[in-house]
Amino acid sequence: MADVEMDIMSSRMNNGNEHVKQDLESHEKSGNEDSGDISEEEEEEEVGNPDEKVDEGSKHHSSSGKHKRKKHKHRSKHKKHKHASDEDKDRKRKHRHKHRKHKRKEGTSPSAAVLFGSTTHKKVESSPSSGNPSLDDRAVLEDLEKQRAMIKAELDSQLMEGKVQSGMGLILQGYNSGSEEDGDARFRNGEQRPRGSSGANPKKPSAPDMFTESDDMFAAHFDSARMRAAGVGKDFKENPNLRDNWTDAEGYYRVNIGETLDKRYDVYGYTGQGVFSNVIRARDTARAGQEVAVKIIRNNELMQKTGLKELEFLRKLNDADPDDKFHCLRLFRHFYHKQHLCLVFEPLSMNLREVLKKYGKDVGLHIKAVRSYSQQLFLALKLLKRCNILHADIKPDNILVNESKTILKLCDFGSASHVADNDITPYLVSRFYRAPEIIIGKLYDYGIDMWSVGCTLYELYTGKILLPGSSNNHMLKLAMDLKGKMPNKMIRKGLFKDQHFDQNLNFLYIEVDKVTEREKVTLMSTINPTKDMLSELIGCQRLPEDQRKKVMQLKDLLEGTLMLDPAKRISINQALQHPFIQEKI
């Protein structure tokens, strides 16, 4: 009886081991975790403790009833195992059939996994005799890497010949031939992981934008969003068939470094983007590679109209100054490119805002530089008045300097107008440089540019904004803190006086309470100056006597440019004859 039971146990153990082996193989090929779990549980039940069952049988050898019951149980379990093994055989047969199909697919298209960034490589089954299975995996990966390199080289050559779309580069981006550990190490060493991806489960690359260019479409740091925001592309060597969309959604021209505009301007740099246009740097091949700046106006009706108006004013100013002595930007010519108006200017290095940041952040420029820049700005105002033009947006950003920082030019005439066409609007000129007559809605003339120049000169010397108001009402408050209350005669002529003054012409100072965050209005019948211009200019500096004298002269000049009543403001000729300008240090 014990021998019979031992035979049953050994057969059951063999069946169990066979069953476990089958389950492990089916789990490895199909990824079915359930079957693996079932086989392990049954193995624990039947094979887990055979010694105990053998001892049990020898102890109760005399009790035949118990042996019969045990035998019956063993037989029923054995039947279950037979059924389970039959089901597993069917499942195994199906998996083998599917595996053969996959093999056939891989054989017909060996490069498919490479092209679409698949991380599932051809399976290499390891056996005890195979020695080191990791070497086989490495060999497969090396083989795939070689295929990828060949495909990349082929695509690269086809791309240059215009036979393939540039979006294919993005597909290749998704393929990662290295291990996950290698990838994570690269990201730890400073490389940027693509947004929304992780080391374990890299997502498929998003659909490529065929109208977006990059520095290097096969680079690891492919960043189309950043380049698209700047409006700059890669070298102009992509398929010309893809370039049928030259303008972005906001009307800006999509600049491509390396392209040629109007068959003569080779684009080599990107300067920046403003409200009306973006500006590029180029070389004029028709003039021995002379460097120029090309302003490309946005392609919409309003911007085109503004661009044509700027073109008209620039021509007028340049014609009135043939010897280039009055410091307004020189326009060489204009042309149209892909429905964009393009203005070609002389090249200049940087604007005064950038000069301040680089050489005088929070401290300003030397008094000698301020004196030189002041004289040049007043000469530009003189030319504007001679041509009956208001610039209407003078500020450090719209004043360019040459490479040596000695000569400046007034630029950006997009807001300019004829002096007779001065529409009443409270938002003309950038707010920090906006004259009080504009804010209250009074008729204005050349005085608004003189006010802006005064604010600019103060900023050049101190490195700080003179009137950093958060609103028009706040701008009036800051101006009156500096100069006292605005004359009633001037207030009465303002179309927008009711927004800032009551019926008795008392100032209504509107501010937001810091605690309740509610708007509160303070009535101010008298406003005395609380700021001293000289102390604002000098601060805590201990200046040599000659420099202190020049700062005193600058203070006097600024007092004249910043009179609240434009009728009392210093004239351009008076400014040019002022001791600050005439007397050298």
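K263 is exposed, with a relative accessible area of 81%, and this residue is a convenient place to begin reading what is a predicted model. Along the chain, K263 sits in the loop that joins strand 1 (260–261) to strand 2 (265–273). Its backbone deserves a second look, since K263 has a positive phi of about 60 degrees although it is not a glycine.

A further residue with a positive phi is D412, where the angle is near 60 degrees and the residue is again something other than glycine. D412 belongs to the loop between strand 10 and strand 11 (417–418). Is D412 exposed, partly exposed or buried? With a relative accessible area of 24%, D412 is partly exposed, because a residue counts as buried under 20% and as exposed over 50%.

The loop of D412 leads us back to strand 10, and from there to a sheet. Strands of a sheet pair through backbone hydrogen bonds, either parallel or antiparallel. Here the sheet is open and has three strands in the order 7-9-10, with antiparallel pairing. Strand 7 (350–351) and strand 10 (408–410) are its edge strands, each of them pairing on one side only. Between strand 9 (residues 399–401) and strand 10 the antiparallel pairing extends over three bridges, and one position that can be followed by eye is I399, whose bridge partner in strand 10 is L410. A helix accompanies these strands: helix 12 (residues 367–386) lies across strand 9 and strand 10, and it runs at about 30 degrees to strand 10.

Further along the chain, two helices can be considered together. How do the axes of helix 14 (residues 447–462) and helix 18 (residues 545–561) cross? They come within 9 Å of each other and cross at roughly 150 degrees, which means that helix 14 is roughly antiparallel to helix 18, as angles over 145 degrees are counted in that way. The crossing of helix 14 and helix 18 is left-handed.

Which residues meet where these two helices are in contact? From helix 14 come M450, W451, G454, L457, Y458 and Y461, and they meet V551, L554, L558 and T561 of helix 18. Sorted by class, this contact has eight nonpolar residues, two polar residues and no charged ones. When tracing the contact in the structure, the reader may therefore place G454 with the polar residues, because glycine is counted in that class, while tyrosine and tryptophan count as nonpolar.

Terms used: Residues numbered from 1 in each chain as written. Predicted model: local features only at pLDDT ≥ 70, side-chain atom pairs only at ≥ 80, totals over all residues. Heavy atoms only, no water. Axes fitted to C-alpha atoms, helices over the stretch in contact; angles between N-to-C directions. Helix = DSSP H or I, 4+ residues; strand = E, 2+ residues; numbered from the N terminus. Parallel < 35°, antiparallel > 145°, perpendicular 65-115°, else oblique. Left-handed = near helix turned anticlockwise from the far one by under 90°. Contact = heavy atoms within 4.5 Å. Pairing = 2+ DSSP bridges. Buried < 20%, exposed > 50% of the residue type's maximum accessible area, 1.4 Å probe, protein only.
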